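Please examine the model shown below together with its sequence. The paragraphs that follow begin at an enclosed space and move outward from there.

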Amino acid sequence: MQNSLPSASAAAAALVEIGRWVSARDWVPATSGNLSLRTECGAIAITRSGVDKGSLTAQDILLVDLDNPTTPGTSAETPLHLAAYRCLPDVNAVLHTHSRAATLLSRRYAAKGGLTAEGFELQKGIAGVTTHEGALTLPIYDNTQDIEALAEQVEQTGGYATPAHGLLLAGHGLYVWGKSEAEARRHLVAWEFLMDCVLEEERAR
């Protein structure tokens, strides 16, 4: 698996392209969101703080040591990415977005502790899901400025082990991950579609 991971420069190029892709879909307004990939050297390549994801350059991608994350300029939410990589050794990509659907639904369902999609064919877009029958739940965590404590809470409550391969922060946005960049993108597209469906169904009631 290690040989299939990108070099630091290849990861930077990939993250620049992912940034343009999510920006074009209006999933990272202003300077929101953060994106990361595991590299062949074991370090995590991650977008730096305060940059429009549609305007990323290679210089906006920083390398963070998984065990000693002291790189200046990284997002305050970097600990959530690093905890995912530590908890899930097979995971090689983490994507975080701030779409309208994720923001609204994470607020609406925060008290229930999760957002459930049920009966949608696209649930099968999530790794390990083989049928539209049944329910798939994204756990929701309260938003906080203490990201270190939040990452520890997610880890201790099994949030990184969820079959949904993602989670929501209330009033904030969506995190997804995957064994590859392609899988993480698929999970992002699937969940954004599912959340749009849930939101539209609620509006129609």
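In this predicted model, the largest cavity is lined by L80, A84, V94, Y160, L167, Y175 and W177. Two elements, α2 (78–87) and β8, each give two or more residues to that lining. The volume of the largest cavity is about 30 Å³, and the structure holds 1 cavity of 30 Å³ or more. In chemical character, the lining comprises 7 nonpolar residues, with no polar and no charged ones.

Helix α2 deserves a closer look. Of its 10 residues, 8 are buried, and the helix is thus mostly covered. The buried positions are T78, P79, L80, H81, L82, A83, A84 and Y85. Among them are L80 and A84, both of which also belong to the cavity lining.

Another lining residue, L167, leads to strand β7, which spans residues 166–169. How are the two faces of β7 placed, buried or exposed? Both are covered: G166 and L168 on one side are buried, as are L167 and L169 on the other. A residue counts as buried when its relative accessible area is under 20%.

Strand β7 has partners in β6 and β8. With β6 (residues 135–141), β7 pairs in the parallel sense over 2 bridges, and Y141 stands opposite L169 in β7. Between these two strands the chain passes through helix α4 (residues 147–156), and the resulting β-α-β crossover is right-handed. With β8 (residues 173–178), β7 pairs in the antiparallel sense over 4 bridges. In that pairing, G166 stands opposite V176 in β8. The hairpin of β7 and β8 has 3 residues between the strands, and G171 takes a positive phi near 70° there.

The next topic is the nonpolar interior. The largest nonpolar core has 44 residues, and those that touch the most other members are V22, L115, L168, L174, L188, W191 and M195. One of these, L168, is also among the buried residues of β7. At least two residues of this core come from each of α1 (8–24), β1 (34–38), β4 (93–97), α3 (100–108), β5 (114–118), β6, β8 and α5 (181–204). Helix α5 gives the most to this core, with 9 residues.

Which helix gives the most to the lining of the largest pocket? It is again α5, which supplies 5 residues to the pocket lining, having also given the most to the core. Both α3 and α5 supply at least two residues of the pocket lining. This pocket encloses about 200 Å³ of space. Its lining has 13 residues, and D26, S99, R100, A101 and D196 lie nearest the centre. By class, the pocket lining divides into 4 nonpolar, 2 polar and 7 charged residues, whereas the cavity lining has no charged residue.

Helix α3 also holds R107. Is this residue buried or exposed? R107 is exposed, because its relative accessible area is 60% and the cut-off for exposure is over 50%. In sequence, R107 and D142 are 35 residues apart, while in space their C-alpha atoms are 9.0 Å apart.

How values were computed
Residues are numbered from 1 along each chain as its sequence is written. This is a predicted model: local features need pLDDT of at least 70, side-chain atom pairs count only at pLDDT 80 or more; totals for chains, interfaces and linings use all residues. Side-chain values use heavy atoms; hydrogens and water are left out. Buried means under 20% relative accessible area, exposed over 50%, partly exposed in between (1.4 Å probe, protein chains only). Two strands pair if DSSP finds at least two bridges between them. A crossover is right-handed if, with the strands pointing away from the viewer, the path from the first strand over the helix to the second runs clockwise. On a 1 Å grid over the protein atoms alone, a cavity is a set of points where a 1.4 Å probe fits but cannot get out, and a pocket is an open set with protein on both sides within 12 Å along at least five of seven lines; lining residues have an atom within 4 Å of a point. Grid points are joined across faces, edges and corners, and a volume is the space filled by probe spheres set on the points. Ala, Val, Leu, Ile, Met, Phe, Trp, Tyr, Cys and Pro count as nonpolar, Asp, Glu, Lys and Arg as charged, and the others, Gly among them, as polar. A nonpolar core is a set of buried Ala, Val, Leu, Ile, Met, Phe, Trp, Tyr and Cys residues joined through side-chain atoms within 4.5 Å.
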